[in-house]
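This report goes through one protein model, element by element. The sequence and structure come first, and the description follows.

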Amino acid sequence: MPDTNPVTSPPQYLTGMGRAQFLALCEQAGAKPLHAERLTAHIHRHGITDIAEIPELPAPLRTLLAGYAADVPVSRIAEQVSEDGTRKMLLGLPDGRDVETVWIPGKGRTTQCISTQVGCAVGCTFCLTATAGLTRNLSAAEMVAQVE
């Protein structure tokens, strides 16, 4: 049976962690649960992944968090921009796989479609992604890394 304890088998990236993982890390570091709330808000609501920029974290928690990378390093391999400003981007993941994300500007808002999988199992004949088949699901951190 796989180990699902967030402290002994943590996600590799801070952006892939949720409140439960932050609570477990706080407990491990002897920090109060309110620090998990602070981490969750700064990382997921405000996009701040530099631990030095998150105020009032106790030193043992900062030390523990320093062992985690902030977010997945993705590279932009290609980008297509349409006349309406829509941007289709091909992103490279650290394992050598590629995913697509589409940034769509709108009146008063922006929409971004992100990939949740490498490849696709549906098999639509008009879709290049589907021709490769499904390789794997993306981690939460890999999904967050696509967001512009």
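A residue counts as buried when its relative accessible area is under 20%, and as exposed when that area is over 50%. The coordinates described here are those of a predicted model.

**Overall layout**

By this cut-off, buried residues make up 28% of the 148 residues in the protein. The secondary structure consists of five helices and six strands. Their order along the sequence is α-α-α-β-β-β-β-β-α-β-α. Among contacts between residues at least 6 apart in sequence, 33% join residues at least 24 apart.

**Helix H1 and what covers it**

Helix H1 spans residues 19-29, and its buried residues are Phe22, Ala24, Leu25, Cys26 and Ala29. The cover over these buried residues includes helix H2 (33-45) and helix H3 (59-65). After H1 comes Gly30, which has a positive phi near 75°.

The loop between H2 and H3 contains Glu56. This residue is not a glycine, yet its phi is positive, at about 60°. Is Glu56 buried or exposed? Glu56 has a relative accessible area of 62%, so it is exposed.

**Strands E1 to E4**

Strand E1 covers residues 75-81, strand E2 residues 87-92 and strand E3 residues 98-106, while strand E4 covers residues 109-113. The pairings between them are listed below.

| Strand pair | Sense | Bridges | One pair of opposite residues |
|---|---|---|---|
| E1 and E2 | antiparallel | six | Ser75 and Gly92 |
| E2 and E3 | antiparallel | six | Leu91 and Val99 |
| E3 and E4 | antiparallel | five | Trp103 and Gln112 |

A further pair between E2 and E3 sets Leu90 opposite Glu100.

Each of these pairings is also described as a hairpin, with a glycine of positive phi. The hairpin of E1 and E2 has five residues between the strands, and Gly85 there has a positive phi near 95°. Five residues also separate the strands in the hairpin of E2 and E3, where the phi of Gly96 is positive and near 90°. Between E3 and E4 there are two residues, and Gly108 in that turn has a positive phi of about 80°.

**Thr86, in the loop between E1 and E2**

Thr86 lies in the loop that leads from E1 to E2. Its relative accessible area is 15%, and Thr86 is therefore buried. Which residues does Thr86 touch, not counting those up to four places away in sequence? They are Gln80, Val81, Val102, Trp103, Ile104 and Pro105. Two of these contacts can be placed on strands described above: Val81 falls within the range of E1, residues 75-81, and Trp103 stands opposite Gln112 in E4. The side chain of Thr86 also makes a polar contact of 2.8 Å with the side chain of Asp84.

**The second largest pocket**

Rolling a probe the size of a water molecule over the atoms shows where empty space is left. In this model, the second largest pocket holds about 180 Å³ of space. Its lining is made up of Thr15, Ile43, His44, Gly47, Thr49, Asp71, Val72, Val144, Ala145 and Val147. By type, the lining residues divide into five nonpolar, four polar and one charged. Ile43 and His44 in this lining have numbers that fall within H2, residues 33-45.

Terms used:
Residues are numbered from 1 along each chain as its sequence is written. This is a predicted model: local features need pLDDT of at least 70, side-chain atom pairs count only at pLDDT 80 or more; totals for chains, interfaces and linings use all residues. Side-chain values use heavy atoms; hydrogens and water are left out. On a 1 Å grid over the protein atoms alone, a cavity is a set of points where a 1.4 Å probe fits but cannot get out, and a pocket is an open set with protein on both sides within 12 Å along at least five of seven lines; lining residues have an atom within 4 Å of a point. Grid points are joined across faces, edges and corners, and a volume is the space filled by probe spheres set on the points. Ala, Val, Leu, Ile, Met, Phe, Trp, Tyr, Cys and Pro count as nonpolar, Asp, Glu, Lys and Arg as charged, and the others, Gly among them, as polar. Two strands pair if DSSP finds at least two bridges between them. Helices (H or I, at least four residues) and strands (E, at least two) are DSSP runs, numbered from the N terminus. Buried means under 20% relative accessible area, exposed over 50%, partly exposed in between (1.4 Å probe, protein chains only). A polar contact is a pair of N or O atoms within 3.5 Å; within protein, one must be able to donate a hydrogen and the other to accept it, and residues adjacent in sequence count only if both atoms are side-chain atoms. Contact means heavy atoms within 4.5 Å.
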